[in-house]
Amino acid sequence: MENILVTGFDNDMPGDGEVLVTKIADLGMLRPPSQGPLTSITYRSPEVYFNKPWTAATDMWSWGILVYILHSFTGTKVYTDASTQYLHLLQAHADFDNPGIFDSLEVEGSLDDKENAVRAAMAHEFNLHSVGYYTSDPVSRELLPPKDDTRTELDHWVIKLLDYGIPKKDIEAVHVALNPVPDLRPTAMDLLEFDYV
């Protein structure tokens, strides 16, 4: 959760969280795409992993992953009101042993090994084998791992959020942000109009 910044708390005088200020830190790329990716592996979008062009939609994917992780940590609705938006993340019932969608992958080896493991998990989790955006391009298609035919609909991340009891509107917002086709993801303005952020 290196992308969540929290201030306004005092360890010597715990309170109810009303004075907490939380911000989402940089989810974007730290250098031009031509120089290669330099972001947290977990927040990278499929287009980064599968050698496709990057746009502002890459940041919307990162936002979707972040919100998914917050829901996974807390098992509760993330957005309530401005003063308690991320308080649930800081409460004792957060499950830090079961972090997020790709953080829990245990990979021995190099950074390349971890990137390849996340690429494979992403391909399976978002069924990229059936998305023309990735299968129609020979470079992207070559990066797809063999299809995992043992996965079922019950393995899907949406089912995990439903099992936590996350409200369907919240899941819908994350679902649209995690569309593997960048042109189909919402913009930040779309999310504001959707009344989600």
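Here is a friendly chat about helix α4 and the nonpolar core of this predicted model.

Modeller: Residues are numbered from 1 along each chain as its sequence is written, and side-chain values use heavy atoms, without hydrogens and water. Local features need pLDDT of at least 70 and side-chain atom pairs 80 or more, whereas totals for chains, interfaces and linings use all residues.

Biologist: What makes residues 111–125 a helix, and how far apart are the end C-alpha atoms of α4?

Modeller: A helix is a DSSP run of H or I with at least four residues, numbered from the N terminus. The expected span is 1.5 Å times one less than the number of residues, so the 15 residues of α4 should span 21 Å, and the end C-alpha atoms are indeed 21 Å apart.

Biologist: Why is W157 called buried?

Modeller: Buried means under 20% relative accessible area, exposed over 50%, and partly exposed in between, using a 1.4 Å probe and protein chains only. W157 has 1% relative accessibility, so W157 counts as buried.

Biologist: What does W157 contact beyond its neighbours within four places in sequence?

Modeller: Contact means heavy atoms within 4.5 Å. The partners of W157 are Y68, I101, E125, F126, V174, H175 and L178. W157 and F126 are 31 residues apart in sequence and 8.9 Å apart in space, C-alpha to C-alpha.

Biologist: Which residues touch the most other members of the largest nonpolar core?

Modeller: Such a core is a set of buried Ala, Val, Leu, Ile, Met, Phe, Trp, Tyr and Cys residues joined through side-chain atoms within 4.5 Å. Of its 34 residues, I65, F102, F126, L128 and W157 touch the most other members. The largest share, 9 residues, comes from α2.

Methods:
Helix = DSSP H or I, 4+ residues; strand = E, 2+ residues; numbered from the N terminus.
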